Amino acid sequence: MEQYQTIEQLAASQLRETQLREALKSCFEKMRQMCLNGEWYDPDKAIDLAWNALAIPTDTNALDAYVAEKVKEAMQ
């Protein structure tokens, strides 16, 4: 039971990370558009921050395993 709870917590954490990355990508696109329109005061710094955050590697193995287990349970 404890192992299952740990996997579930890790899966939830990875899901939040994935959602955060998607939000950051959206934010980056908005910043890029602002830069193109000349609306951003320091585009290089904003872009560097966004790219550095997106460069952090992600691992969704636990999330994938959790989802696969839930699908398997639903199929039974």
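Guide: Quick definition before we start: a residue is called buried when its relative accessible area is under 20%, exposed when it is over 50%, and partly exposed in between. Also keep in mind that this is a predicted model.

Visitor: Okay, which elements does the protein chain run through from the N terminus on?
Guide: The protein chain has three helices and zero strands. Read from the N terminus, the order is therefore short to write, given how helices and strands are numbered: α-α-α.

Visitor: What share of the residues in the protein chain is buried?
Guide: The protein chain has 76 residues. It exposes about 6100 Å², with carbon and sulfur atoms supplying 57% of that area. Counting the residues that pass the buried cut-off, under 20%, the share comes to 14%.

Visitor: And how much of the contacts with a separation of 6 or more comes from residues 24 or more positions apart?
Guide: One such pair is Leu54 and Leu24: they sit 30 residues apart in sequence, and Leu54 touches Leu24. Over the protein chain, residues 24 or more positions apart account for this part of the contacts with a separation of 6 or more: 72%.

Visitor: Let's look at Leu54. Is it buried or exposed?
Guide: Leu54 is found in helix α2. Leaving out residues up to four places away in sequence, it touches Arg21, Leu24 and Lys25. Its relative accessibility is 13%, and the cut-off is under 20%, so Leu54 counts as buried.

Visitor: How far apart in space are Leu54 and Leu24, C-alpha to C-alpha?
Guide: Leu54 belongs to helix α2, and Leu24 is among the residues it touches. The two are 30 residues apart in sequence, but their C-alpha to C-alpha distance is 7.6 Å.

Visitor: Moving to α3, how far apart are its end C-alpha atoms?
Guide: Helix α3 covers residues 61–75, which makes 15 residues. At 1.5 Å a residue, with the count taken as one less than the number of residues, it should span 21 Å. The model agrees with that, because the end C-alpha atoms are separated by 21 Å.

Visitor: Which residues of α3 are buried?
Guide: Look on the side away from Asn61 and Met75, which are exposed. Seen down the axis, the buried residues fall within an arc of 100 degrees, so they line one face of the helix. They are Ala62, Leu63 and Tyr66.

Visitor: Which residues make the nonpolar surface patch of about 310 Å²?
Guide: To join a patch, a residue needs over 30% relative accessible area. Val71, in helix α3, clears that at 45%, counting as partly exposed. The patch is made by Val67, Val71 and Met75.

Visitor: Which residues is Thr60 in contact with, leaving aside its neighbours within four places in sequence?
Guide: Thr60 sits in the loop between α2 (43–54) and α3, and it is partly exposed at 28%. Its C-alpha atom is 9.1 Å from that of Glu17, although the two are 43 residues apart along the chain. Its contacts beyond those neighbours are Gln14 and Thr18.

Visitor: On to charges. How far apart are the closest N and O atoms in the salt bridge of Glu22 with Lys25?
Guide: Side chains of opposite charge can pair when their charged atoms come close. Glu22 and Lys25 both lie in helix α1 (residues 2–36), three residues apart, about one turn of the helix. Glu22 is partly exposed at 47%, and Lys25 is partly exposed at 40%. Their closest N and O atoms are separated by 3.6 Å.

Visitor: The structure holds two salt bridges, so to speak of the other: with which residue does Lys70 form one?
Guide: The partner is three residues away in helix α3, about one helical turn. Lys70 is partly exposed at 34%, and its partner is partly exposed at 37%. With the closest N and O atoms 3.7 Å apart, Lys70 forms its salt bridge with Glu73.

Conventions:
Residues numbered from 1 in each chain as written. Predicted model: local features only at pLDDT ≥ 70, side-chain atom pairs only at ≥ 80, totals over all residues. Heavy atoms only, no water. Helix = DSSP H or I, 4+ residues; strand = E, 2+ residues; numbered from the N terminus. Buried < 20%, exposed > 50% of the residue type's maximum accessible area, 1.4 Å probe, protein only. Arc of directions from axis to C-beta. Patch = residues over 30% accessible without salt bridge, like charges linked within 9 Å, V, L, I, M, F, W, Y side chains within 5 Å. Areas by Shrake-Rupley, 256 points an atom, 1.4 Å probe, with all protein chains shown as cover. Salt bridge = Lys/Arg side-chain N within 4 Å of Asp/Glu carboxyl O. Contact = heavy atoms within 4.5 Å.
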